[in-house]
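This briefing introduces a protein structure to a reader who has not met it before. Please keep the sequence and the three-dimensional view at hand while reading.

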Amino acid sequence: MTTNCVFPPELEDKQLLAHLDNPEASPEITRHLEQCPHCREKAQSLDRLQKRLTARLYRVSCPSSMELGEYHLRMLPAPQMLVVAQHVRGCPHCTREVAELEDFLEVLATEDSLATTAKVLIARLTGGQTEVAKPAVALRGEAQGPLIFEADGIVITLDVQSGPKEAVSIQGQVAADDQDQWTGAIIKMLQVDRSELTASLDDLGAFDFPEVRPGSLELRITSPYGIEVRIPNVDIAG
């Protein structure tokens, strides 16, 4: 820092603070600072200090987030409710925080509602298998043709074809009255001691698993609206 003011008298701190609050109100001080490194550095130091204090004291008088949450849910004692309500009316920061909390709770309530109405359907075999009394459905790529399953009006068709090496490929089709609600559904293929395979339903209701190892599997088809159709105990013969 320069030891002396270039154009004495040296500017006082209160003059510099007033200038920082409203630079356009004091053109003489502006000219002085442009020409005097000593006073300019003092002004910069005061500016940094002022910003640190502002950051430290930011919303120091505001209720905590927990208190605002309890206020929104009307869980505070009546006298405290009145105090917080009065503060929120005059504080744009707390008004915004309460509004964000309200939006968050609405989204949460919607998700809970969807979770409550979501259901799991177990599909039953309706065609493509002669020995339906078996505990597991046998899928073979030759001779038997596609298998057809149904659950609450939702029809799933599975067709197995020869794949690379000892694997097979499975092409699937989902048909429903509300077909658009199934576009983008996630299909999971679960097999014991094997990695989970995942695919998605296209806008025509089709999905594909190009390489599946023989063995017992379960298919789970979950729509974007939380409805899940399960096809358990499907046995893929190599």
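How many bridges join E2 to strand E4? Three bridges join them, and the two strands, of which E4 covers residues 147-151, run antiparallel. Strands (E, at least two residues) and helices (H or I, at least four) are DSSP runs numbered from the N terminus, and two strands pair if DSSP finds at least two bridges between them.

The model is predicted: local features need pLDDT of at least 70 and side-chain atom pairs count only at pLDDT 80 or more, while totals for chains, interfaces and linings use all residues. Residues are numbered from 1 along each chain as its sequence is written, and side-chain values use heavy atoms, with hydrogens and water left out.

**Overall composition**

- The protein chain contains six helices and eleven strands.
- Of its 238 residues, 31% are buried, where buried means under 20% relative accessible area, exposed over 50% and partly exposed in between, with a 1.4 Å probe and protein chains only.
- About 15,000 Å² of the protein chain is exposed, and carbon and sulfur atoms supply 54% of that area; such areas come from the Shrake-Rupley method with a 1.4 Å probe, and for residues only the protein chains shown count as cover.
- Among contacts (heavy atoms within 4.5 Å) with a separation of 6 or more, 51% involve residues 24 or more positions apart.

**The open sheet**

- Five strands form an open sheet with antiparallel pairing, in the order E2-E4-E5-E6-E9.
- Its edge strands are E2 (124-127) and E9 (206-212), each of which pairs on one side only.
- Across the junction of E2 and E4, Arg124 stands opposite Glu150.

**Strands E1, E10 and E11**

- Strand E1 (residues 120-122) pairs with strand E11 (residues 228-236) in the parallel sense, over three bridges; here Val120 has Glu228 as its bridge partner.
- Strand E10 (residues 215-222) runs antiparallel to E11, and seven bridges join the two; Gly215 stands opposite Ile236.
- The hairpin of E10 and E11 has five residues between the strands, and Gly226 takes a positive phi near 90° there.
- Ser223 lies in the loop between E10 and E11 and counts as buried because its relative accessibility is 7%.
- Apart from neighbours within four places in sequence, Ser223 is in contact with Gln181, Trp182 and Ala185.

**The aromatic pair**

- A search of the whole structure finds one aromatic pair.
- The pair is formed by Phe207 and Phe209, which meet edge-to-face at 6.0 Å centre to centre, with 75° between the planes.
- Rings of Phe, Tyr and Trp (its six-membered ring) pair if their centres lie within 6.5 Å; planes under 30 degrees apart count as stacked, over 60 as edge-to-face and the rest as tilted.
- Both Phe207 and Phe209 are buried.

**Helices H2 and H3**

- Helix H2 (residues 27-35) has Ile29, His32 and Leu33 buried.
- Seen down the axis of H2, these buried residues fall within an arc of 95°, so they line one face of the helix; the arc is that of the directions from the helix axis to the C-beta atoms.
- Lys42 belongs to helix H3 (residues 37-57) and, at 16% relative accessibility, counts as buried.
- Leaving aside neighbours within four places in sequence, Lys42 is in contact with Glu10, Leu11, Asp13 and Leu16.
- Lys42 and Leu16 are 26 residues apart along the chain, and their C-alpha atoms are separated by 8.1 Å.
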